[in-house]
Amino acid sequence: MPSRDELIAALEQEGEAYAVFIETQPEDAFHRRPGPDEWTAAELTGHVAEFPATFADQARRVAAQPGAQIGRGLDDPGRLAAVARLAGAGPVDAAAAVRATVRTAATTLRGIPPEGWQARGQHPRQGELSVTQIVDGLIVRHLREHLDQARAAVAP
């Protein structure tokens with residue numbers, strides 16, 4: 001498992017890779033719906049501009065209160081509001097929003113003491129996860145997956 005510093009660096013790298021990709025997209029590609037039940041890259045970026053800070057906060061809570069519940073449903077109001085928030089934004093503004101949430105998430109994670117990274121919380125689908133696993137799976141890997149999804153969404 002990567003160290004705390006490696007995970008925070010990976011968060012920053014993945015967030016920046018996402019932002020760089022998005023800010024270079026033409027408006028029409030950024031707002032094109034790839035399929036009837038799929039998010040546009042703009043909507044996807046709304047989610048990406050929200051979830052790193054949300055899950056970093058959940059990781060902080062688990063570090064302070066081991067056993068705390070983590071995760072959320074696909075119909076979570078905060079998640080859905082984030083998707084809608086950037087639906088009409090341009091790529092440059094959306095990239096700035098991603099960078100802002102990544103900074104917030106990294107700051108939150110740096111505030112977790114080293115011993116807190118082993119604390120475990122309960123995820124409804126994935127079971128018991130340590131703070132390290134929350135950051136690795138629910139933030140860093142999730143960012144990477146959404147970059148792949150954004151690339152597919154803007155493809156002609």
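The legends below describe close-up views of a predicted model.

**View 1. Length of helix H1, residues 4–23.**
Helix H1 has 20 residues. At 1.5 Å a residue they should span 28 Å, and the end C-alpha atoms are 29 Å apart, which agrees.

**View 2. The buried and exposed residues of H1.**
The buried residues of H1 are Leu7, Ile8, Ala10, Leu11, Glu14, Gly15, Tyr18, Ala19, Phe21 and Ile22. Seen down the helix axis, these buried residues fall within an arc of 165 degrees, so they line one face of H1. Asp5 and Gln13 are exposed and sit on the face of H1 turned away from the buried side.

**View 3. Packing partners of the buried residues of H1.**
Five helices are listed here, each with its residue range:
- helix H2 (27–31)
- helix H3 (41–48)
- helix H4 (51–64)
- helix H6 (91–110)
- helix H7 (131–154)

The buried residues of H1 pack against each of these helices.

**View 4. Span and bend of helix H7.**
The 24 residues of H7 should span 34 Å at 1.5 Å a residue. The end C-alpha atoms of H7 are 33 Å apart, which agrees with that expectation. H7 bends by about 35 degrees at His142.

**View 5. Surroundings of Asp136 in helix H7.**
Asp136 has a relative accessibility of 9%, and because buried means under 20%, this residue counts as buried. The side chain of Asp136 makes a polar contact with the side chain of Arg141, at 2.8 Å. Leaving aside residues up to four places away in sequence, Asp136 touches Met1, Pro2, Leu7 and Arg141. Of these, Leu7 is listed among the buried residues of H1.

**View 6. Surroundings of Thr101 in helix H6.**
The relative accessible area of Thr101 is 7%, so Thr101 is buried. When residues up to four places away in sequence are not counted, Thr101 touches Val48, Ala49, Glu50, Pro52 and Ala53. Val48 falls in the range of helix H3 (41–48), while Pro52 and Ala53 fall in that of helix H4 (51–64).

**View 7. Gly46 in helix H3, with Ile112.**
Gly46 has a relative accessible area of 2% and is therefore buried. Ile112 lies 66 residues from Gly46 along the chain, and the C-alpha atoms of Gly46 and Ile112 are separated by 26 Å.

Terms used: Residues numbered from 1 in each chain as written. Predicted model: local features only at pLDDT ≥ 70, side-chain atom pairs only at ≥ 80, totals over all residues. Heavy atoms only, no water. Helix = DSSP H or I, 4+ residues; strand = E, 2+ residues; numbered from the N terminus. Expected span 1.5 Å × (residues − 1). Buried < 20%, exposed > 50% of the residue type's maximum accessible area, 1.4 Å probe, protein only. Arc of directions from axis to C-beta. Contact = heavy atoms within 4.5 Å. Polar contact = N/O pair within 3.5 Å; in protein donor to acceptor, adjacent residues only side chain to side chain. Bend = angle between axes of the 7 residues up to and from the residue.
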